[in-house]
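Open your viewer and get ready to select a few things in turn. We will walk through them together, one stop at a time.

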There are 2 protein chains.
Amino acid sequence: MSNKFVYVFGPSRTDGAADMKNVLGGKGANLAEMCRLGISVPPGLTISAEVCTIYTEQGADAVRKQIEADVLQGVKFIENEMGKKFGDAADPLLVSVRSGSRASMPGMMDTILNLGLNEEAVKGLAAKSGNKRFAWDSYRRFIQMYGDVVMGLKPESKEDHDPFEVIIDEIKEKKGVELDTQLSVDDLKHMVAEFKALIRTRLGREFPNDPWEQLWGSIMAVFESWNNDRAKLYRKMHDIPDSWGTAVNVQSMVFGNLGDSSGTGVAFTRDAASGEDIFNGEFLVNAQGEDVVAGIRTPQQITLEGSRRWAELAQVSEEDRRTKFPSMEELMPEIYQQLLKTETALENHYKDMQDIEFTIQEGKLWMLQTRSAKRTGAALVRTSMEMLAQGMIDEKTALLRVSPDRLNELLHPVFDRAALKSARAIANGLPASPGASTGQTVFFADEAEEWVAKGKDVILVRQETSPEDLRGMAVAKGILTARGGMTSHAAVVARGMGKCCVSGAGAIRVDPRARTMTVDGKVFNEGDWISLDGSTGQVYEGKVSTMDPDMSGDFGKLMDLAERYKTLAVRANADTPTDARVARNFGAVGIGLCRTEHMFFEGDRIKAVREMILAKDEAGRRHALAKLLPMQRGDFEGIFKAMDGLPVTIRLLDPPLHEFLPHDEANQREMAAEMGVAYEEIKHRVDDLHEANPMMGHRGCRLGITYPEITEMQSRAIIEAALNVKAQGVSPKVEIMVPLVGGEREFISQAKVIRATAEAVFAERNATIEFMVGTMIETPRGALMADTIGAQAEFFSFGTNDLTQMTLGFSRDDIGKFLPHYLQAGIYEQDPFQSIDQQGVGQLVKAAVEKGRSARPKIKLGVCGEHGGDPASIDFFHRVGLDYVSCSPFRAPIARLAAAQAAIQNAK
Amino acid sequence: MSNKFVYVFGPSRTDGAADMKNVLGGKGANLAEMCRLGISVPPGLTISAEVCTIYTEQGADAVRKQIEADVLQGVKFIENEMGKKFGDAADPLLVSVRSGSRASMPGMMDTILNLGLNEEAVKGLAAKSGNKRFAWDSYRRFIQMYGDVVMGLKPESKEDHDPFEVIIDEIKEKKGVELDTQLSVDDLKHMVAEFKALIRTRLGREFPNDPWEQLWGSIMAVFESWNNDRAKLYRKMHDIPDSWGTAVNVQSMVFGNLGDSSGTGVAFTRDAASGEDIFNGEFLVNAQGEDVVAGIRTPQQITLEGSRRWAELAQVSEEDRRTKFPSMEELMPEIYQQLLKTETALENHYKDMQDIEFTIQEGKLWMLQTRSAKRTGAALVRTSMEMLAQGMIDEKTALLRVSPDRLNELLHPVFDRAALKSARAIANGLPASPGASTGQTVFFADEAEEWVAKGKDVILVRQETSPEDLRGMAVAKGILTARGGMTSHAAVVARGMGKCCVSGAGAIRVDPRARTMTVDGKVFNEGDWISLDGSTGQVYEGKVSTMDPDMSGDFGKLMDLAERYKTLAVRANADTPTDARVARNFGAVGIGLCRTEHMFFEGDRIKAVREMILAKDEAGRRHALAKLLPMQRGDFEGIFKAMDGLPVTIRLLDPPLHEFLPHDEANQREMAAEMGVAYEEIKHRVDDLHEANPMMGHRGCRLGITYPEITEMQSRAIIEAALNVKAQGVSPKVEIMVPLVGGEREFISQAKVIRATAEAVFAERNATIEFMVGTMIETPRGALMADTIGAQAEFFSFGTNDLTQMTLGFSRDDIGKFLPHYLQAGIYEQDPFQSIDQQGVGQLVKAAVEKGRSARPKIKLGVCGEHGGDPASIDFFHRVGLDYVSCSPFRAPIARLAAAQAAIQNAK
């Protein structure tokens with residue numbers, strides 16, 4: 001801990017700099033940096049974040065003792081810089097007090113403005129500004145703010161109104177006016193008196209008249225706010241150490257509301273929506289920052305070009321524009337030139353697009369803030385690529401600047417912004433699969449198919465989806481479920497399909513019998529239009545128009561760049577030739593997971609599958625499997641062709657057999673009629689297959705071990721398909737994957753069937769291909785036994801979804817009941833199904849990598865769980881040394897960028 | 001590998017000894033040892049087990065080349081010893097050929113007797129024995145045995161009869177006789193010719209006439225049988241290496257059927273049922289071993305005392321006994337004295353109770369076999385304790401000799417042996433919970449209660465049981481389920497109750513609506529009598545009378561001895577004061593697991609529990625919990641009193657809430673009526689609580705974290721109960737256990753509630769007690785994070801049931817569909833829920849022990865899963881260094897003995 005606790009900034013002296021965020025917080029450091037750049041910033045002082053720790057550990061008295069002299073000197077510095085005096089009855093120095101920590105952190109103290117006003121100073125302010133109304137209005141605002149934030153005068157219960165607002169309303173009512181601005185100076189004086197009386201009555205103490213008392217109160221309130229519940233929760237959730245503390249900024253006030261040569265505004269050094277390299281922003285003449293935010297007046301554009309664009313969009317004539325809404329470039333050309341020079345300097349200095357705030361006080365420009373600008377995903381990509389081209393940043397910086405998840409915005413349709421403004425949100429669910437969609441509600445998968453066949457756009461609405469809904473999901477524009485988490489069936493399947501999905505929208509009650517969904521008492525019938533935003537989880541009433549994604553050339557450049565830095569290969573999970581082509585288009589260099597069971601649901605296949613399940617003996621099963629063989633072979637041929645030359649990992653049948661049977665009587669009777677067997681037989685078989693915990697039941701390789709004929713059929717379909725396409729000049733790279741292996745004996749048993757089948761096919765065809773046999777590592781035991789398994793298996797693919805379920809004991813279909821609570825309470829920081837639990841599950845992955853390599857140094861290692869598309873998880877997989885990640889095709893670009901970032905960051 | 005392959009044994013020379021089992025197999029080593037002791041054994045030779053490996057690797061020719069000379073010399077040795085010659089037409093040497101490996105191993109070759117007989121030798125045998133019939137019958141038996149076992153003449157399909165038996169039947173039919181003994185010498189000669197013709201026709205080769213060819217054929221057949229499927233499977237299942245191989249014993253034949261001075265018998269050096277130190281056995285005059293086995297003639301007793309006891313039981317008069325069934329002691333006093341001397345010598349030599357076989361050929365006693373005798377659990381305990389007292393063995397040997405599982409027989413009722421003989425077994429299930437019971441079938445738990453209330457004995461028969469059946473299970477004599485494994489709900493609860501249970505009897509179809517169970521087409525109605533043997537899994541039709549266990553003083557002595565050697569403490573799992581008392585009586589030194597949820601099902605409690613579940617907010621839940629508080633407190637007081645001075649680990653609520661609600665409409669409607677709410681409300685809540693995989697759902701500490709008021713109520717009940725009993729002079733040792741913890745944050749959150757509640761109660765009462773707060777380690781993540789959890793928790797108790805479920809991904813309710821197949825295929829060697837999976841789950845336990853101790857060196861470590869009562873698992877827990885195991889009260893003695901054995905074996 002250093003001994004310097006107070007840092008001043010101003011034209012004549014600046015103690016801090018941009019690289020001192022740990023001491024000064026982000027805001028303080030940037031203010032200091034601007035001063036150092038010679039930019040005009042209202043002078044001020046920053047109390048170091050280290051003092052916050054003193055406050056927490058030793059209390060307010062200790063703080064004051066340690067920093068009082070420095071703060072005094074600092075204020076003196078500000079007074080000198082501004083030529084004003086704190087509490088002066090002639091020309092008082094007024095200051096703002098703000099918190100500012102190392103990490104951007106909502107949840108702490110609001111800003112206190114106009115501090116320093118009292119019974120004397122208000123008169124000085126009135127005299128100096130020549131504006132009594134301004135002075136008294138400033139005073140009453142200060143009292144109100146300070147009373148609330150520092151003195152803690154809050155509504156007595158959450159049903160109550162703000163007591164200060166109650167007084168304002170009473171006075172306005174008495175005077176018969178509607179707007180604050182209609183109140184007279186006397187009204188405001190009266191208001192000040194009432195406010196003070198309120199404080200006296202409610203708190204039993206006087207509102208402080210002494211500016212120093214006001215200042216110390218505010219400083220301590222900032223420190224105190226570091227430890228309020230909201231702030232603590234935020235830190236827990238974002239892993240911000242309590243020890244960081246917050247700095248306090250005390251800065252001279254400047255006023256944009258002192259007439260027509262004053263004003264205030266915000267600007268961006270580039271376009272925040274498109275990323276275009278064009279300076280832009282808005283300002284208001286004779287206004288304060290809060291007026292811009294309040295949105296009562298229409299702000300004017302800063303540049304002439306921007307103003308003309310705005311007028312075109314807003315359908316304002318050039319005449320009107322020039323007279324009523326002139327740009328700053330026209331109205332205040334000198335200030336405009338200063339601002340232009342400043343924004344250029346700031347962007348060049350920070351080497352990133354800046355979001356700046358400024359105030360013009362009586363013809364003088366003051367910069368109040370600069371920071372990296374928030375922007376759309378598209379803008380993020382474009383600014384990064386253009387700054388790289390402009391030589392402002394290097395390749396690594398360009399790659400690291402784009403948060404991979406932001407690419408989502410570029411890869412899916414989005415709602416038209418204008419249309420969204422008038423849309424009514426009716427519910428909020430989980431952003432399960434990104435994109436925007438609009439359609440008519442239907443409540444059954446088969447009806448979705450019927451409607452779509454008639455040319456309609458539908459949203460499939462279900463309590464939760466099951467594999468039986470797959471075909472309906474495939475044709476719907478979007479999927480909405482009332483239950484289920486980010487990794488529920490609906491969510492996982494939708495992401496795989498690249499289809500918009502909102503899951504777990506708990507406010508919605510679905511009544512499939514009545515074909516209605518009810519939200520907040522409002523009933524939506526079949527055919528009613530709704531719209532889903534799968535990127536935010538919002539559900540809207542009615543139609544909202546969407547826009548197709550614009551994949552500009554910058555996106556391609558970014559991907560090319562990523563390719564040069566990443567070491568992890570990125571594959572995709574795809575179950576059909578169409579998916580495979582999408583994956584390849586998105587840059588995937590292989591299929592990491594092809595789920596064969598999804599092929600079983602279509603058309604006649606489900607019949608044959610059911611026939612197999614109902615068969616009484618092996619002969620009966622073989623009979624049914626023989627019907628499936630040509631269909632599976634055809635699927636594989638399509639996938640091998642789509643992935644010509646690239647590896648395709650095919651997982652053998654995984655889900656429990658009951659997933660292929662209907663569970664309700666109506667469908668069971670239908671199936672019985674279709675198959676010509678007694679309903680009771682179907683029911684009996686379904687009951688027989690029922691499992692208490694299907695996730696840990698008769699599935700995975702357990703199926704292939706009890707029914708080797710299934711493995712045999714699938715292996716034959718794969719090998720025959722590979723030989724067929726090879727004969728057509730295609731180069732298939734086959735990897736056969738045994739699921740849910742927990743020890744080497746299970747693997748050996750299945751590998752034997754696979755290899756024997758391949759040998760048989762080779763002999764029949766008198767032709768061979770190369771292929772690999774490997775396994776999923778998805779049970780904790782599989783990970784623990786990875787050495788003995790690795791001695792047998794040619795590759796591992798970590799199935800981190802199931803591995804997470806079993807390691808944590810979290811059924812992902814059931815976590816909705818407790819995980820939200822866990823996240824809120826900070827027991828887990830992230831949904832472990834979205835981002836891998838590095839502490840727990842990660843130990844198993846790491847151990848299995850080491851064990852697998854110890855047994856087989858060249859073993860191929862990948863991951864095919866949902867985590868394969870999550871940037872933080874990808875960083876982890878890079879660090880433990882996997883060869884590839886596999887994710888849904890639409891996340892492949894995200895994974896590629898994340899892989900590049902992982903390579904860069906871990907090389908440091 | 002040594003160069004000596006053939007070892008002879010006989011009066012004049014013996015190469016082997018008892019400690020050469022690895023080379024000679026068990027049988028060969030013991031035969032050699034008897035020769036060394038000067039006991040009269042028919043001379044023979046043993047071909048070393050090493051030769052089996054040569055056979056497997058290089059084939060029959062290589063074997064013959066390597067050992068031909070030695071075998072020739074060995075046969076010469078036998079000829080010299082016996083004064084007979086192989087294939088001699090005057091007095092031929094006949095031999096038996098038997099396999100014999102290091103470990104007792106069924107599945108290999110059957111014995112070949114009378115080898116050496118051919119067209120000439122049969123005449124010699126007839127002449128020498130003066131008994132043509134004997135000679136030709138021996139010859140036809142030899143051909144039949146050799147033709148089947150060595151030449152492989154089997155029925156053509158499994159539906160066909162044995163072709164040799166077909167010939168016998170044809171001849172008998174032609175002659176119009178029923179018994180083999182009614183056939184003439186010519187009939188037998190004809191039969192020999194027919195047998196040889198059969199072999200010639202079916203196999204296309206002659207039956208060998210050359211004794212040497214017969215001998216080599218038999219030797220190779222023994223080696224070949226080492227690799228038959230049955231033998232390989234057996235080895236796989238019992239972890240016997242293929243490399244051990246089998247030895248071959250070629251031994252001179254002796255005949256007990258050469259007149260009234262011949263005979264054959266078996267004897268035990270002590271009583272195999274009671275263990276009493278009394279020589280006993282049976283013999284038949286003029287008979288061969290197979291006649292004893294066939295059970296056509298009533299055997300006579302060896303000792304006079306035994307004969308008198310037998311006569312009393314069989315209600316045979318002393319006159320009849322003496323004339324028709326005299327003892328050997330009376331009939332052949334000299335031979336008897338020789339036998340007595342021999343059995344004493346053998347027991348003293350082997351220092352264990354022996355099971356011996358002998359033949360008397362024309363007044364000469366020959367010993368054919370000696371081995372450790374199989375005996376009942378009671379006999380095992382008694383013989384061990386008496387041999388210790390007699391100074392024959394030391395304490396460690398006495399302890400190690402009793403297989404802990406055998407104590408089961410002493411701790412539960414058993415069927416009356418006599419009654420069992422006439423009982424008809426109708427089905428076979430898993431021996432889920434030991435003991436024997438008989439009662440009338442009922443199909444519903446509440447009806448079980450009603451019937452029992454009327455004074456009836458019932459067996460509760462269910463498809464599978466659920467927590468709703470608990471009260472019915474508690475009153476039933478036994479429980480039978482059609483589904484579920486050794487660790488199904490029924491099995492676990494029944495073992496906890498010490499109640500007889502047969503689970504997973506798949507042949508039974510239960511129809512609760514019709515109140516019937518059907519087995520093999522036979523329908524059993526409600527009220528029909530059945531009997532269950534929970535130690536074997538057998539289900540019998542009708543009543544079978546049972547006997548209470550006899551816990552003799554030797555049992556107590558064994559337990560005292562175990563206590564002196566073991567280092568692991570043994571606790572018991574007990575949920576009620578009654579269970580706790582039983583546990584203490586069985587020597588448990590604490591409660592390792594008290595499941596609080598079992599207390600929730602009784603009487604009014606379930607109502608309050610349901611009220612809590614239906615409550616709409618925390619206030620409603622608190623209202624319902626307040627009703628439960630005094631009941632829980634009362635339970636805990638009872639348990640603390642029963643365990644005065646001993647630790648009691650109480651686990652907080654664990655199961656998902658839906659387990660407390662009825663799942664069928666009828667019961668839901670009843671509940672609705674009882675609680676005065678709408679049926680739909682109940683149904684909706686049940687649907688709401690439904691989980692796809694309840695094992696990994698909203699349970700364990702996840703309940704306490706979402707509803708801290710439950711933890712608060714339970715903590716209060718525990719602490720108040722402890723203070724109450726302390727005021728009465730009882731010393732409660734309280735350990736509060738948080739279930740299903742996966743990381744330190746879950747534990748901290750619950751420990752905070754527990755400790756705060758305790759502090760509040762202490763303040764109210766102005767009194768305190770000591771207590772510990774710890775956790776179950778039962779998720780893989782909990783084990784992986786044991787260092788950070790251990791920094792917080794004062795003890796760990798490994799919940800190895802759930803840890804096994806999650807590590808393996810085996811839902812124990814669902815493993816019935818694949819685990820039997822896995823065990824049969826050798827993928828797992830044991831049911832991992834019965835004996836801990838040391839390779840997989842064991843890694844996690846070991847790591848967690850190390851991590852826990854690294855964080856808190858004195859952390860108390862125990863296990864409370866089903867494995868706590870399994871000897872092999874106890875050995876593992878001893879090795880990884882746990883402080884205690886906890887098991888069901890009835891297994892506490894087994895655990896205590898197993899713990900002692902673990903201490904002895906691992907000190908070696």
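**Where the two chains meet**

Start by colouring chain A and chain B separately in this predicted model. The two chains bury about 4600 Å² between them, and carbon and sulfur atoms give 53% of that area. Why quote an area at all? The size of an interface is often given as the accessible area lost when the parts come together.

Next, select the residues in contact: 50 residues of chain B touch 50 residues of chain A.

Now look for charged partners. How many salt bridges does the rule find across the interface of chain B and chain A? There are four. For one salt bridge, show the side chains of B:Arg745 and A:Glu829, where N and O lie 2.9 Å apart. Polar contacts can be added to the view too: 38 residue pairs make them between chain B and chain A, counting pairs with both residues at pLDDT 80 or more.

Which helices should you highlight on chain B? Several supply at least two residues each to the side that touches chain A, including H27 (679-689), H30 (744-765) and H35 (841-855). Colour that side of chain B by class and you will find 18 nonpolar, 17 polar and 15 charged residues.

Finally, step back and view both chains. A turn of 180° with a shift of 0.0 Å along the axis lays chain B on chain A, with an RMSD of 0.2 Å. This is how a two-fold axis relates copies. To find the axis, select B:Asn693: its C-alpha is 2.2 Å away, the closest approach of any residue of chain B. The copies meet through the same surface, because 100% of the interface residues of chain B are also interface residues in chain A.

Technical notes. Residues are numbered from 1 along each chain as its sequence is written. Chains are lettered from A and ligands numbered from 1 in the order in which they are written. This is a predicted model: local features need pLDDT of at least 70, side-chain atom pairs count only at pLDDT 80 or more; totals for chains, interfaces and linings use all residues. Side-chain values use heavy atoms; hydrogens and water are left out. Contact means heavy atoms within 4.5 Å. Buried area is the accessible area (1.4 Å probe) that two parts lose on being put together, summed over both. A polar contact is a pair of N or O atoms within 3.5 Å; within protein, one must be able to donate a hydrogen and the other to accept it, and residues adjacent in sequence count only if both atoms are side-chain atoms. Helices (H or I, at least four residues) and strands (E, at least two) are DSSP runs, numbered from the N terminus. Ala, Val, Leu, Ile, Met, Phe, Trp, Tyr, Cys and Pro count as nonpolar, Asp, Glu, Lys and Arg as charged, and the others, Gly among them, as polar. Copies are superposed by least squares on the C-alpha atoms of residues with pLDDT of at least 70 in both.
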